[in-house]
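Here is a walk through one protein model, written for someone who would rather look at the structure than at a list of numbers. Keep the viewer open as you read.

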Amino acid sequence: MKKKLPNILFCTCDQLRAFETGCYGNPVVRTPNIDRLAAEGARFEHGVTTYPVCMAGRSVMLSGQYNRTCTGGVGNICTPYADGRIYFPQYPFEGRPHLKDQTLPEVLKAAGYATAVIGKWHIHSWPQDIGFDHYLIPRMNHAHSGQSFIEDGGAEFVPAGYSVDYECDRVEQYLAARRNASEPFFLFYNISPPHCPLSDAPQKYLSMYRPEEVPIRPNVDLNRRLPEQDHWFKVYRWDYRYYNFHIPYTEVLPEDYTLQKVIAEYYGLTTWVDDTVGRMLAALEANRLAEDTIVVFTSDHGDYLGSHNRVQKGDLHEESVRIPYILRWKGGFDSREITAQTAGLVDLAPTLLRLAGIEVPRHMHGKDLSPILRGEAPRLEEEYAIIETGRGVGIRTPSHLYGLPFEDGSRRLAAEPHYFFDLVNDPYELHNLAGSGTQFALAQTLDAALRDWDQRTAWGE
């Protein structure tokens, strides 16, 4: 009798850096459900995004390819207006401008899976064009209330209440419907917080953490104003309602709105994510699906939150690239903490396929991490992950990060690095070793590996 393929529940959130969860060492934030998932599954200590912006990171997840190949190197698609406003396409484009090779959902669908996406999308192709049978996605503009949705090509509608709760309601309904289904499912479930707008959330989360109690990372200088601080604080609070529409109430910040307040609200929305993950896990249990379902929990990228005097994401620092990276399969592998391997988002598609016993297409770039998950090896021969950005590329090992910028206006890698950090002795990246001659032999090895990857990895259109 042919063995039943495992279900796959691929759950992401948006802009959550690993440091703001209990299982990655935060002593203050409350994330009991994410922590339980990590305790029951495999937690990669060194999980990183493959490209630290939304659309690029999410395209990598589903394509199993580096962003330069699956989107041609596009980060987030947006159009700046002359008056300073920014326009994001509200829904994907027709046709298939990106992700032109067979995607993870397409491979799974061909193997007999029912495929669905619920929640934030922010990929340039429509879900049905890249392998999803069913979709429920919001507009691209970030909002947690008053959010517009489209389901399977129907008329746009705005559900009551918070979109995070509505999406989770629909996940619960989907899992209930799959309880006695004969075919396995692949559910791509995307939770929008803790991405801004931070102020658009239930009050219990906004007041859950006191600003003076949140840990401040040593690479944050509270006595130094951030560049364009008032602008970015308004973005954190109100997102597009400020930077696009300039609704009057978004133009004025509360007098006591400090960086600590931003971080405290970010913590609150992280606990909102955790409560939502708890509902998802409970629905798996209630519908007797937990044993036969591979659960992934991760994020598309992190958030600087003032580290290195920066905000948001986009560069190679730990706050921007380190993400939760957790997989659980109660019926397939034991719980473990993995410290000897750096895992990237590009690795998830091939790993999930191999766990399901499905052949990985040759066009997928990621590594198969299943031998590590099954306890057959502590790490792979290539224990590193490659990270792309708009400025250049980096290589992240369990102990170091090395980055090469692009030459101005080109896709050519420069002769000299712009980043080199010893993350064991300098975890907050306070001492950039690039060009110093320190650890010269290791720098040469990482440089060669990064240039070799660059030569082997083609740019798409």
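What follows goes from the main sheet to the helices on it, then to a buried helix, a buried strand and a few backbone oddities.

First, the ground rules. This is a predicted model, where local features need pLDDT of at least 70 and side-chain atom pairs count only at pLDDT 80 or more, while totals for chains, interfaces and linings use all residues. Residues are numbered from 1 along each chain as its sequence is written, and side-chain values use heavy atoms, with hydrogens and water left out. Helices (H or I, at least four residues) and strands (E, at least two) are DSSP runs, numbered from the N terminus.

**The sheet**

Strands of a sheet pair through backbone hydrogen bonds, either parallel or antiparallel. Here, two strands count as paired if DSSP finds at least two bridges between them. On that basis there is an open sheet of nine strands, in the order S7-S6-S5-S8-S1-S9-S10-S2-S11, and its pairing is mixed. At the edges sit strand S7 (149-151) and strand S11 (336-344), each of which pairs on one side only. Neighbouring strands of this sheet are turned by 15° against each other on average, direction ignored. Over at the S7 edge, strand S6 (residues 134-138) runs antiparallel to S7 and is joined to it by three bridges. Pro138 has Phe149 in S7 as its bridge partner.

**Two helices on the sheet**

H5 packs on this sheet and touches S1, strand S5 (114-119), S6, S7 and S8, with a direction at about 165° to that of S8. H9 also packs on the sheet, touching S1, S8, S9 and strand S10 (325-328), and its direction makes about 160° with that of S8. Contact here means heavy atoms within 4.5 Å. Axes are lines fitted to C-alpha atoms, for helices over the stretch in contact, and angles run from 0 to 180 degrees between N-to-C directions.

How do the axes of H5 and H9 cross? The axes of helix H5 (residues 163-177) and helix H9 (residues 259-286) come within 9 Å and cross at roughly 15°. H5 and H9 are therefore roughly parallel to each other (angles under 35 degrees count as roughly parallel, over 145 as roughly antiparallel, 65 to 115 as roughly perpendicular and the rest as oblique). On the H5 side, the residues that meet H9 are Val164, Asp165, Cys168, Asp169, Glu172 and Leu175. Facing them from H9 are Trp272, Thr276, Arg279, Met280, Ala283 and Leu284. By class, this contact has seven nonpolar, one polar and four charged residues (Ala, Val, Leu, Ile, Met, Phe, Trp, Tyr, Cys and Pro count as nonpolar, Asp, Glu, Lys and Arg as charged, and the others, Gly among them, as polar).

**A buried helix and a buried strand**

Buried means under 20% relative accessible area, exposed means over 50%, and partly exposed is in between (1.4 Å probe, protein chains only). Ten of the ten residues of helix H2 (residues 54-63) are buried, so H2 is largely enclosed by the rest of the structure. Its buried residues pack against strand S1 (7-14), helix H3 (67-70), helix H4 (104-110), strand S8 (185-194), strand S9 (293-299) and helix H11 (348-355). Right after H2 comes Gly64, with a positive phi near 70°.

Strand S13 (residues 392-396) is likewise largely enclosed by the rest of the structure, because five of its five residues are buried. Gly392, Gly394 and Arg396 point one way, while Val393 and Ile395 point the other way. S13 forms a hairpin with S12, with three residues between them, and another with S14, again with three residues between them. The pairings look like this:

| Strands | Direction | Bridges | A facing pair |
|---|---|---|---|
| S12 (residues 385-388) and S13 | antiparallel | four | Ile387 and Gly394 |
| S13 and S14 (residues 400-405) | antiparallel | five | Val393 and Leu404 |

**Backbone oddities**

Most residues other than glycine have a negative phi, and most peptide bonds are trans. The bond from Pro193 to Pro194 is cis, with omega near 5°, and Pro194 lies in strand S8. The bond from Cys196 to Pro197 is cis too, with omega near 15°; Pro197 lies in the loop between S8 and helix H6 (203-206).

Glu228 has a positive phi near 50° and lies in the loop between H6 and helix H7 (229-238). Asp239 has a positive phi near 55° and lies in the loop between H7 and helix H8 (240-243). Which of the pair is buried, and which is exposed? Glu228 is exposed, at 57% relative accessible area, whereas Asp239 counts as buried at 2%.
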